[in-house]
Amino acid sequence: MLFSTFTLEKTLLYYKGGEFVAQGPWRHRRMYHKGDYEIILCIKGPIYLQINDQRYTLKPHEVLIVPPFTTFYGYQDSQDAVDFYWLHFFSQHKEDAFNSDEDEMTAEVKAKQNKKRKIFLPMYFKLHDYEEATIP
């Protein structure tokens, strides 16, 4: 699984965000991130996105983090209505991306082997506590 680290020594900088709603058929236009990250939280889908060579099918309550300096786009039309939250932000550090097993990552964090103040987020995951995370 691909993870990204975010250093907590300096704050992440909010850039822009919102909610996007469209009736099908709809396909995400091609975009290039010029240094910013984007978090996409699918409310209604599926949404078909490709980042470089990797394809993702976002279903409701799934989250995708789009890293900076990457091109992404819709690789297929969503036939039904789509709804998602999107949020762009900048990090004040050069963050790392790496592959790791979820169990290994959990064990490392629990053992506090990493002394720096960092958070580790998978680049693609299901938000299990959706209602708490998206308080209306």
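Let me start with Gln-50, whose bridge partner in strand 8 is Tyr-73, and I should say at once that what we are looking at is a predicted model. That pairing belongs to a longer run, in that strand 5, residues 47-51, and strand 8 pair in the antiparallel sense over three bridges. Strand 8, which covers residues 71-74, is also joined by two bridges to strand 3, residues 31-32, and there too the strands run antiparallel. Within that second pairing, Met-31 stands opposite Phe-72 of strand 8. Phe-72 can also be set against Gln-54, because the two are 18 residues apart along the chain while their C-alpha atoms are separated by 9.4 Å. Gln-54 itself sits in strand 6, residues 54-58, and with a relative accessibility of 45% it counts as partly exposed.

Now to the sheets. Five strands make up an open sheet in the order 2-9-4-7-12, and the pairing in it is antiparallel. Strand 2, residues 13-22, and strand 12, residues 124-126, stand at the edges with a single partner strand each, so one side of each has no neighbour in the sheet. From one strand to the next, the twist of this sheet averages 15 degrees. Inside the sheet, strand 4, residues 37-44, and strand 9, residues 82-90, run antiparallel and are joined by seven bridges. If you would like one position to look at on screen, take Lys-44, which stands opposite Asp-83 in strand 9.

There is also an open sheet of three strands, with the order 10-1-11 and, again, antiparallel pairing. Its edges are strand 10, residues 97-99, and strand 11, residues 118-122, each of which pairs on one side only. Neighbouring strands of this sheet are turned against each other by 30 degrees on average, if direction is ignored. Strand 1 and strand 11 run antiparallel and are joined by five bridges, and within that pairing the bridge partner of Thr-5 is Phe-120 in strand 11.

A word on annotation, which I would like to keep separate from the coordinates. UniProt, in an unreviewed entry, lists residues 26-89 as "domain: AraC-type arabinose-binding/dimerisation". In the model, that span of residues 26-89 is 0% helix and 58% strand, and its end C-alpha atoms lie 25 Å apart.

Which residues have the most contacts inside the largest nonpolar core? That core has 15 residues, and the ones with the most contacts inside it are Ile-40, Ile-47, Leu-49, Leu-58, Leu-64 and Phe-72. At least two residues of the core are supplied by each of strand 4, strand 5, strand 6, strand 7, which spans 62-66, and strand 9. The largest share, three residues, comes from strand 5. Leu-58 shows what such a position looks like in detail: leaving aside neighbours within four places in sequence, Leu-58 is in contact with Ile-40, Cys-42, Gly-45, Pro-46, Ile-47, Leu-49, Leu-64 and Tyr-124.

Let me finish with the aromatic residues. A pair of aromatic rings is described by the distance of the centres and the angle of the planes. The structure holds nine aromatic pairs, and I will take two of them. The rings of Phe-6 and Tyr-37 have centres 5.0 Å apart and planes at 65 degrees, so this pair is edge-to-face. Since Phe-6 lies in strand 1, residues 2-7, and Tyr-37 lies in strand 4, the pair ties together parts that are 31 residues apart in sequence. Both Phe-6 and Tyr-37 are buried.

The other pair is formed by Phe-20 and Phe-84, and it is tilted, with 5.3 Å centre to centre and 35 degrees between the planes. This pair, too, links distant parts of the chain, given that Phe-20 is in strand 2 and Phe-84 is in strand 9, 64 residues apart. Are the two partners buried or partly exposed? Phe-20, at 28% relative accessibility, counts as partly exposed, whereas Phe-84 has a relative accessible area of 4% and is buried.

Finally, to come back to Phe-6 and Tyr-37, ring pairs link these two residues and Phe-89 into a cluster.

How values were computed. Residues are numbered from 1 along each chain as its sequence is written. This is a predicted model: local features need pLDDT of at least 70, side-chain atom pairs count only at pLDDT 80 or more; totals for chains, interfaces and linings use all residues. Side-chain values use heavy atoms; hydrogens and water are left out. Helices (H or I, at least four residues) and strands (E, at least two) are DSSP runs, numbered from the N terminus. Buried means under 20% relative accessible area, exposed over 50%, partly exposed in between (1.4 Å probe, protein chains only). Two strands pair if DSSP finds at least two bridges between them. Axes are lines fitted to C-alpha atoms, for helices over the stretch in contact, and angles run from 0 to 180 degrees between N-to-C directions. UniProt positions are given in the numbering used here, feature names are shortened, and annotations may be inferred rather than shown by experiment. A nonpolar core is a set of buried Ala, Val, Leu, Ile, Met, Phe, Trp, Tyr and Cys residues joined through side-chain atoms within 4.5 Å. Contact means heavy atoms within 4.5 Å. Rings of Phe, Tyr and Trp (its six-membered ring) pair if their centres lie within 6.5 Å; planes under 30 degrees apart count as stacked, over 60 as edge-to-face and the rest as tilted.
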